[in-house]
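Me: Please take a close look at one pair of aromatic side chains in this structure. Then place that pair in its setting, with the other ring, charge and packing features described in connected prose.

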Amino acid sequence: MDVYLAAITAVLDDLQAPQAILIGHSLGGYAALAFARAYPERLAGLGLFHSHPFADPEDRKEVRRRGIETLQAGKKDLYVTQLFPGLFTPEFGKAHPEIIQKLIENAKKHPVEGIIGALQIMIDRPDTQNVLRDIAVPVQFLLGADDTLVPIELGMKASVLPATADVEILDGVAHMAMFEAPQRAADSVKAFYKWITAQAISF
């Protein structure tokens, strides 16, 4: 996670951006929460896109550990091939198999050490509910109504933690709204951005 934080701060520093509205998808949301904890003064807003602040339950950790074992056994192609279809609704998978296949082929090019590292980060990550309770900026929750990895109930539970929250529920979407409903997801993010910038101008 320290590497992720260093990458985020390096980009912001290069852009000479003292603050940002930081939106993270899934594991990216965990990184965004870590950034919010480490550098709250650099946030103007936070978005959790199919993500949440809760630590993994033991059964979820075990699934990730089995994934690491599969990868360490030299079965990276098998791992990524099995992973991606479950991130989408069955209907989307049937209608757009080419999108899932492209994601699988791209993932096969990733170093196995990087995939293992990401899984280990998710196993080890702490509960960050306190970050959302203490956060001084608005938080957007983008939730997929059919997301089995971040169920809507989990997102709604998290949404009551910050003082100011925007909740967007995307019907017919699982864990990959940027592919399943790109226009709706983009419109939600743009509206959140405009709302925050309008608030800043009003002050």
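**An aromatic pair and its setting**

Reply: Phe192 and Trp195 both belong to helix H11, which runs over residues 182-202, and because they are 3 residues apart in that helix, about one helical turn separates them. The model under discussion is a predicted one. An α-helix has 3.6 residues a turn, so residues three or four places apart point the same way.

The geometry of the pair comes next. A pair of aromatic rings is described by the distance of the centres and the angle of the planes. Searching the whole structure yields 4 aromatic pairs. For Phe192 and Trp195, the ring centres are 6.4 Å apart and the planes meet at 35°, so the pair is classed as tilted. The cut-off matters to this reasoning: planes under 30 degrees apart would count as stacked and those over 60 as edge-to-face, with the rest counted as tilted.

The two partners can also be described by their accessibility. Phe192 has a relative accessible area of 2% and is therefore buried. Trp195, at 35%, is partly exposed. The pair thus joins a buried ring to a partly exposed one.

Other rings take part in further arrangements. Phe88, Phe92 and Phe179 make up one aromatic cluster. Of these, Phe92 is also a member of a nonpolar core, as set out below. Two rings have a charged side chain over the face: Arg125 is placed over Tyr30, at 3.8 Å from the ring centre, and Lys157 is placed over Phe54, at 5.0 Å from the ring centre.

Arg125 leads from the rings to the charged groups. Side chains of opposite charge can pair when their charged atoms come close. The whole structure contains 6 salt bridges according to the search. Arg125 is linked with Asp56 and Arg64 in a network of salt bridges. Within that network, Asp56 and Arg64 form a bridge whose closest N and O atoms are 2.6 Å apart, and both of these residues are buried.

Another bridge joins the side chains of Arg42 and Asp13, at 2.9 Å from N to O. Since Arg42 is in the loop between H2 and S2 while Asp13 is in helix H1, the bridge ties together parts that are 29 residues apart in sequence. Arg42 is buried, with a relative accessible area of 14%, whereas Asp13 is partly exposed at 46%.

A helical spacing returns in the bridge between Glu105 and Lys108, whose N to O distance is 3.4 Å. Both residues lie in helix H6, 3 residues apart, or about one turn of the helix. Glu105 is partly exposed at 34% relative accessibility, and Lys108 is likewise partly exposed, at 26%.

Helix H6 also has a part in the packing around helix H4. In H4 (residues 76-83), the buried residues are Lys76, Tyr79 and Val80. Viewed down the axis of H4, these buried residues fall within an arc of 90°, so they line one face of the helix. Their cover includes H6 (97-108), together with helix H3 (58-72) and helix H7 (112-124).

The nonpolar packing completes the setting. The largest nonpolar core comprises 25 residues, and Phe35, Leu43, Leu46, Leu132, Ile135 and Phe141 have the most contacts inside it. At least two of its residues come from each of H1, S1, H2, S2, H8 and S3, and H2 supplies the largest share, 6 residues. Apart from this core lies another, of 22 residues, which includes Val80, Phe84, Phe92 and Met122. Beyond its neighbours within four places in sequence, Phe141 is in contact with several residues, among them Leu48, Leu132, Pro162 and Val167.

Two backbone details remain. Gln16, in the loop between H1 and S1, has a phi near 55°, a positive value for a residue other than glycine. His50, in the loop between S2 and H3, also has a positive phi, near 55°. Gln16 is exposed, at 71% relative accessibility, whereas His50 is buried, at 0%.

Note on methods:
Residues numbered from 1 in each chain as written. Predicted model: local features only at pLDDT ≥ 70, side-chain atom pairs only at ≥ 80, totals over all residues. Heavy atoms only, no water. Core = buried A, V, L, I, M, F, W, Y, C linked by side-chain atoms within 4.5 Å. Buried < 20%, exposed > 50% of the residue type's maximum accessible area, 1.4 Å probe, protein only. Helix = DSSP H or I, 4+ residues; strand = E, 2+ residues; numbered from the N terminus. Contact = heavy atoms within 4.5 Å. Arc of directions from axis to C-beta. Phe/Tyr/Trp six-rings, centres within 6.5 Å; stacked < 30°, edge-to-face > 60°. Lys NZ or Arg CZ within 6 Å of the ring centre and 35° of its normal. Salt bridge = Lys/Arg side-chain N within 4 Å of Asp/Glu carboxyl O.
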